[in-house]
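Thanks for coming. I will go through one structure this morning, residue by residue where that helps. Please have a look at the screen.

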Amino acid sequence: MDKLEIICVESEAFYKLLEEVLRHFKNNEPKQPEKWISGAEAMKMLRIRSKATLQKMRDEGRIRFTQPEKKIILYDAESIRDYLDDFVYEPFDLSPEKNRKI
């Protein structure tokens, strides 16, 4: 039979230890991307510098946005990723079997 070992800790030390453990797990939690991002963040994702280009994309319905207040416009980060994915070009398959001449 295994021995039962009892460890006594002062309550203040226990709570400090508990806070440290919680902080450790919170810092190592995977970060979820933001749903709504600012215009500056949207421009960074799209690698554009012009606010006019961003507005044109918004006006043409290429990316989703919300306008909770008159001067606040937020962009849907997922719709920007989808927009970029629409222009992905897959590499050619250059394996020898595919390139044999008949």
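Let's start with Gln67. Is Gln67 buried or exposed, or something in between? Gln67 counts as partly exposed, because its relative accessible area is 42%, and the limits for that class are 20% and 50%. I should say at once that this is a predicted model. Gln67 sits in strand β2, which covers residues 65–69. Setting aside neighbours within four places in sequence, Gln67 is in contact with Ile72 and Ile73. A polar atom of the Gln67 side chain also lies 2.7 Å from the backbone oxygen of Lys70.

Phe65 is in strand β2 as well. Phe65 is partly exposed, with a relative accessible area of 36%. Residues up to four places away in sequence left out, Phe65 touches Trp36, Arg58, Ile73, Leu74 and Tyr75. One distance to note: the C-alpha atoms of Phe65 and Ile80 are separated by 9.9 Å, and these two residues are 15 apart along the chain.

Now the overall layout. The protein chain has four helices and three strands. Read from the N terminus, the order is α-β-α-α-β-β-α. The chain has 102 residues, and 16% of them count as buried. About 10,100 Å² of the protein chain is exposed, with carbon and sulfur atoms supplying 55% of that area. Take the contacts with a separation of 6 or more: 46% of them are between residues 24 or more positions apart.

Next, the inside. In soluble globular proteins, nonpolar side chains tend to be buried together. Which residues make up the largest nonpolar core here? There are twelve: Ile37, Ala42, Met43, Leu46, Ile48, Leu54, Met57, Ile63, Tyr75, Ala77, Ile80 and Tyr83. Helices α2 (39–46), α3 (51–59) and α4 (77–85) are the elements that each give two or more residues to this core. Take Tyr83 as one member. Not counting residues up to four places away in sequence, Tyr83 touches Leu46, Met57, Arg62 and Ile63.

There is nonpolar material on the outside too. Ile7, Val9, Phe14, Tyr15, Leu18 and Leu22 form a nonpolar surface patch, with about 640 Å² of accessible area together. Leu18, for example, is found in helix α1, residues 11–27. Leu18 counts as partly exposed because its relative accessibility is 37%.

On to charges. How many salt bridges are there? The count comes to five. I will show three of them.

Two are in helix α1. Glu12 and Lys16 meet in a salt bridge through their side chains, at 3.7 Å from N to O. They are four residues apart in helix α1, about one turn of the helix, and both are exposed. Arg23 forms a salt bridge with Glu20, with the closest N and O atoms 2.7 Å apart. This pair is three residues apart in helix α1, again about one turn of the helix. Arg23 is partly exposed at 42% relative accessibility, and Glu20 is partly exposed at 46%.

The third is the salt bridge between Arg64 and Asp76, where the closest N and O atoms are 2.6 Å apart. This pair links distant parts of the chain: Arg64 is in the loop between α3 and β2, Asp76 is in strand β3, and they are twelve residues apart. Why does Asp76 count as buried? Its relative accessibility is 3%, and buried means under 20%. Arg64, at 47%, is partly exposed. Lys35, Arg64 and Asp76 are joined into one network by salt bridges that share partners.

Asp76 has other partners. The Asp76 side chain reaches the backbone nitrogen of Glu78 at 3.1 Å. The backbone oxygen of Asp76 is 2.9 Å from a polar atom of the Ser79 side chain. Ser79 is found in helix α4 and is buried, with a relative accessible area of 9%. The side chain of Ser79 also reaches the backbone nitrogen of Arg64, at 3.0 Å.

Last item, Arg47. Where is Arg47 found? Arg47 is in the loop between α2 and α3. Its phi is near 55°, a positive value in a residue other than glycine. Arg47 is exposed, with a relative accessible area of 73%.

That is what I have.

Definitions and conventions
Residues are numbered from 1 along each chain as its sequence is written. This is a predicted model: local features need pLDDT of at least 70, side-chain atom pairs count only at pLDDT 80 or more; totals for chains, interfaces and linings use all residues. Side-chain values use heavy atoms; hydrogens and water are left out. Patches are made of residues with over 30% relative accessible area and no salt bridge: like charges are joined within 9 Å, nonpolar side chains (Val, Leu, Ile, Met, Phe, Trp, Tyr) within 5 Å. Accessible areas come from the Shrake-Rupley method with a 1.4 Å probe; for residues, only the protein chains shown count as cover. A salt bridge is a side-chain nitrogen of Lys or Arg within 4 Å of a carboxyl oxygen of Asp or Glu. Buried means under 20% relative accessible area, exposed over 50%, partly exposed in between (1.4 Å probe, protein chains only). A nonpolar core is a set of buried Ala, Val, Leu, Ile, Met, Phe, Trp, Tyr and Cys residues joined through side-chain atoms within 4.5 Å. Contact means heavy atoms within 4.5 Å. A polar contact is a pair of N or O atoms within 3.5 Å; within protein, one must be able to donate a hydrogen and the other to accept it, and residues adjacent in sequence count only if both atoms are side-chain atoms.
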